[in-house]
Amino acid sequence: KYQNSHIAGNALGLYLSASFTRLHSLADVDYILPVPSHRLRFLVRGFNQAEILAKHLASAHRIVDLTSIKRHKYTKPQAKSSYEQRQRQMHHVFKQKRAITAKHLLIVDDVYTTGATLKALTECIQSFSGNHIDRISVLTLCHA
C-alpha cells in the first residue's frame, strides 16, 4: 500500500474474496463499509487499500458504502505509534453523514493491530441515532 501499487491490492482482494465465500457466518452480509482514509492520505497513496478489498467482496446483494462515513481528522501513520498513542489519536476521527440500514454490516480493513481504528469507527456508527443495524462484523486481511 505504500508504493502506490494497485496490483498488490487487487491480488489480495481476490484472496480475501475467496476466503470470504468460505466464511458461513458472513453469508448474510448485505452492507460493506471499508474503513475510510483521510483525503490527504488518499492523495499521497492514490488509493484506499480497505476500499479496494471491499470492492472485491461486492455483489448484486451487497452495498459497498464509500460516502456515509468520513475520516475528518488526519492522524499520523499508526505503525509509528505506541498502543496508548493509537488509542488517543483515533478519538473522534470519524464522522457519519448519513444513516446506515443493514441487517449485517461488514467493516473491512487491511490490517488490524491494536483495534484503535475499528473501535473508533464502531463507536461512531453506534452513536449515530439514525442507523438501523442488526449486526456488525469485521474482516481484515491480516493481524499485525
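**Exercise 1. Decide from its relative accessibility whether Gln96 is buried or exposed, then trace its surroundings.**

Solution. Gln96 counts as buried, because its relative accessibility is 9%. Buried means under 20% relative accessible area, exposed over 50%, and partly exposed in between (1.4 Å probe, protein chains only). The model is predicted: local features need pLDDT of at least 70, side-chain atom pairs count only at pLDDT 80 or more, and totals for chains, interfaces and linings use all residues. Residues are numbered from 1 along each chain as its sequence is written, and side-chain values use heavy atoms, with hydrogens and water left out.

Step 1: place the residue. Gln96 sits in strand 4 (residues 94–96). Strands (E, at least two residues) and helices (H or I, at least four) are DSSP runs, numbered from the N terminus.

Step 2: list the neighbours. Setting aside those within four places in sequence, Gln96 is in contact with Ser68, Ile69, Cys124, Ile125, Phe128 and Asn131. Contact means heavy atoms within 4.5 Å.

Step 3: look for polar partners. The Gln96 side chain makes a polar contact with the side chain of Asn131, at 2.7 Å. A polar atom of the Gln96 side chain also lies 2.8 Å from the backbone oxygen of Arg98. A polar contact is a pair of N or O atoms within 3.5 Å; within protein, one must be able to donate a hydrogen and the other to accept it, and residues adjacent in sequence count only if both atoms are side-chain atoms.

**Exercise 2. Find how many disulfides the structure holds.**

Solution. Step 1: apply the cut-off. A disulfide is a pair of cysteine sulfur atoms within 2.5 Å. The structure holds zero.

Step 2: check two cysteines. Cys124 has a relative accessible area of 10%, so Cys124 is buried. Cys142 has 36%, so Cys142 is partly exposed.

**Exercise 3. Describe Phe42 and its helix.**

Solution. Step 1: Phe42 lies in helix 2 (residues 39–45).

Step 2: Phe42 counts as partly exposed, because its relative accessibility is 36%.

Step 3: beyond its neighbours within four places in sequence, Phe42 is in contact with Ser37, Phe47 and Asn48.

**Exercise 4. Say which residues of helix 3 are buried, and what reaches its start.**

Solution. Step 1: helix 3 covers residues 49–57. Its buried residues include Gln49, Ala50, Ile52, Leu53, Ala54 and Leu57.

Step 2: recall the geometry. An α-helix has 3.6 residues a turn, so residues three or four places apart point the same way.

Step 3: go to the start of helix 3. There, a side-chain oxygen of Asn48 comes within 3.0 Å of the backbone nitrogen of Ala50.
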